[in-house]
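Biologist: Please show the sequence and the structure, so that the discussion may proceed from them.

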Amino acid sequence: EIKHGGLSERKAVNRLETFGKAFTLTREMIVNDDLGAFLRLPEMMGARAARKVDQVFFRRFLSNPGNLFSAAHKNLLTGAASALSPDSLAAAIQLFTEQTDEDGQPLNLQPKYLLLPPSLKITAREILHSTVYLAVGASEKRRIPTYNALADEDLEIVVSPWLSNSRMPGASEKKWFLFGDAGLVDTFELGFLRGQH
């Protein structure tokens, strides 16, 4: 039996804002610029503009717009068990792969990126790239695997200092995130006027 389906209409609203910084050079400053320091200004301003894009994105991201990361969406680990560890990462991967669409059908997505602050970079590398895990100080007898299954998850570590920057509302040295392939699932979109920075 072929069932009828429908298309639901969705609306996305983008609001573009203008950011900029002006500087003024007097004739005297230009004449006295023996070392050519002012010739570097456009390059320095360009680099600052690129950082501004990151700043604007992470300010929005860390504000958790629309309560995107929440228990209701089944994509949030909280409490002591959420600190980055092999167990918490395995639990997050399970949550990620069990995500469903509006009809309750599995999205069949795998995480691709592990986004975290610099403070968790080494921990993430140890978790994902260790060949084996060893148990220390356990008196009980139990089977301990000598294979790190997380190493096969093929997660790419992405480190951003914006996640732990103290001037950024919502920043933390302990928060970490999983994201899928942008070609398969979109979460955030950056818009530029006429496609230009």
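Biologist: Which residues of the largest nonpolar core touch the most other members?

Modeller: The model is predicted: local features need pLDDT of at least 70, side-chain atom pairs count only at pLDDT 80 or more, and totals for chains, interfaces and linings use all residues. Residues are numbered from 1 along each chain as its sequence is written, and side-chain values use heavy atoms, with hydrogens and water left out. A nonpolar core is a set of buried (under 20% relative accessible area, 1.4 Å probe, protein chains only) Ala, Val, Leu, Ile, Met, Phe, Trp, Tyr and Cys residues joined through side-chain atoms within 4.5 Å. Of the 16 residues in the largest core, those touching the most other members are Leu84, Leu89, Leu114, Leu116, Trp176 and Leu178.

Biologist: Which element gives the largest share of this core?

Modeller: Helices (H or I, at least four residues) and strands (E, at least two) are DSSP runs, numbered from the N terminus. Two or more residues come from each of β1, α4 (121–129) and α3 (86–97). The largest share, four residues, is that of α3.

Biologist: How many residues apart in sequence are the parts that the salt bridge of Asp181 and Lys112 ties together?

Modeller: A salt bridge requires a side-chain nitrogen of Lys or Arg within 4 Å of a carboxyl oxygen of Asp or Glu, and the Asp181 and Lys112 side chains meet at 3.7 Å, N to O. Lys112 belongs to strand β1 (residues 111–116) and Asp181 to the segment after β3 (177–180), so the parts tied together are apart in sequence by 69 residues.

Technical notes. Buried < 20%, exposed > 50% of the residue type's maximum accessible area, 1.4 Å probe, protein only.
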